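You asked for a quick read-through of this one before you start on it yourself. Here are my notes, written for someone who hasn't met the structure before.

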Amino acid sequence: QLDTLRAEGNYRIFAHLERCRGEFPRAASHVADTPDKITVWCSNDYLGMGQHPAVVREMVDTIEACGTGAGGTRNISGTNCHHLALEAELADLHGKDAVLLFTSGYVSNWAALTTLGSRIENAVILSDAGNHASMIEGIRQSRADKVIWKHNDWRDLDRKLAATGDRPKIVAFESVYSMDGDIAPLKEICDLAERYNAFTYLDEVHAVGLYGQRGGGVSERDGVAHRIDIIEGTLGKAIGVMGGYIAANADIIDAIRSYASGFIFTTALSPVLVAGALASVETLKASNHLREQHQERAAHLKKLLADEGLPVMDSVSHIVPVKVGDPVQCKRVSDYLLEEHNIYVQPINYPTVPKGTERLRFTPTPLHTDDHMGDLIKALDDVWTALKLKRAA
Ligand code: PLP
């Protein structure tokens, strides 16, 4: 099976990097035959918060004050004042009663959906076709019936909700889909959920910190956060640290806290991570500055790519995908950029994206300057010519 992956160009190879505080998006490269420093174009540290002085300071202070790990599960000596403070801060961010932290966004989706789907008798989960692996796994493990609706197509969701009769329904979807950069029609989905008395579960992993006046995500931007039953997020992307969470009303949080195996039987997040995440959330809540810069950088890169005739795909968010359309070529482009131009962008191949839509996925941050962008465009122009790749029509 490994040979099959290799033959199809889908075998994954780590790019061995060393992040350098104060230099992001530059990083040291430990990949053979590459220069010492490269420019990273595919980090999910979307705002560079992973090196923000307030976050770094808070983590250093916390490790000095508390030591390293949490020392136990949340129920057995692992709950620290930092966990409670961050849960309160995130609950406020999303306008919910309560929040429950998990060790990652993946675990929060998996644990919450497994628990909901298995505890709600006769439940049916209506899952967007583009949902992330962590949601798919959670739904599978819940053993609840699953109905897949066409990606972002609320009319299809309407038909499928109507067909489920009076069974308890959970609609599970994301706001920003991270491979295409498209955004779900949240208002229409909430209208339907209310009409059919369905429960709503929204993954805001690629939107928390990035959208809304205080960084509460697309649900905040679109004014629908109060209509979503569970908002799920990560602390590992725009927040720049690590961990995940769900935000909901007090009863839901209490139920998942009491029954989710993926919450109960694992060591709590280190207070150091939690303190850093708290500083990051507070910083992002207080000002829109980084969010505005982020959107400007993404729009600028899209324009530069289009002006150069490079096949930038439609995206209404900060994600900038460029289509290659073949897994082997996609890997070759990525290798060439790294070896010849000191530019690192990971090829995105099947099964992460459908076959034939293999792509490079750029994530410009406020720290990617005009010079970085100029270098990128020149490098892409070179590799597109060298490998005779298709330009945009
Ligand atoms: N949900 C979505 C949509 C994701 O893309 C990811 C990770 O890429 C996750 C959840 C998992 O989040 P984390 O990286 O914090 O485990």
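The points below go from the whole chain down to single strands and residue pairs.

1. First, a caveat: what you have on screen is a predicted model. Keep that in mind for the rest of this note.

2. Overall make-up. The protein has 15 helices and 14 strands, so-called mixed content if you like labels.

3. Overall size. The C-alpha trace spans about 60 × 55 × 45 Å along its principal axes. A compact globule of 393 residues would have a radius of gyration near 21 Å, and the protein's own value is 21 Å, so the two agree.

4. Inside and outside. Of the 393 residues, 54% count as buried. About 17400 Å² is exposed, and carbon and sulfur atoms supply 51% of that area.

5. Contacts and charges. Take the contacts between residues at least 6 apart in sequence: 70% of them join residues at least 24 apart. As for charge, there are 41 positive and 52 negative ones, and their mean positions lie 4 Å apart.

6. Strand β8 is a good place to zoom in. Where does it sit, enclosed or open? Five of the five residues of β8 (residues 199-203) are buried, so the strand is largely enclosed by the rest of the structure. Both of its faces are covered: Phe199, Tyr201 and Asp203 are buried on one side, and Thr200 and Leu202 are buried on the other.

7. Next to it, look at strand β7 (residues 169-174), which runs parallel to β8 and is joined to it by five bridges. To find the pairing on screen, pick alanine 172, which stands opposite tyrosine 201 in β8. That tyrosine is one of the buried residues from the previous point.

8. Now the four-stranded sheet. It is open, its order is β1-β2-β3-β12, and its pairing is mixed. β1 (17-19) and β12 (343-344) stand at the edges with a single partner strand each, so one side of each has no neighbour in the sheet. β1 pairs with strand β2 (residues 26-29) in the antiparallel sense over three bridges. Within that pairing, arginine 19 has alanine 27 of β2 as its bridge partner.

9. There is also an open sheet of three strands, ordered β11-β14-β13, with antiparallel pairing. Here β11 (320-323) and β13 (347-348) are at the edges, each with a single partner strand, so one side of each is left without a neighbour in the sheet. Four bridges link β11 to strand β14 (residues 359-362), again antiparallel. Proline 321 is the residue to click on: arginine 361 in β14 stands opposite.

Key. Residues numbered from 1 in each chain as written. Predicted model: local features only at pLDDT ≥ 70, side-chain atom pairs only at ≥ 80, totals over all residues. Heavy atoms only, no water. Helix = DSSP H or I, 4+ residues; strand = E, 2+ residues; numbered from the N terminus. Rg over C-alpha atoms; globule rule 2.2 N^0.38 Å. Buried < 20%, exposed > 50% of the residue type's maximum accessible area, 1.4 Å probe, protein only. Contact = heavy atoms within 4.5 Å. Areas by Shrake-Rupley, 256 points an atom, 1.4 Å probe, with all protein chains shown as cover. Lys, Arg positive; Asp, Glu negative; His and termini not counted. Charge placed at Lys NZ, Arg CZ, Asp CG, Glu CD. Pairing = 2+ DSSP bridges.
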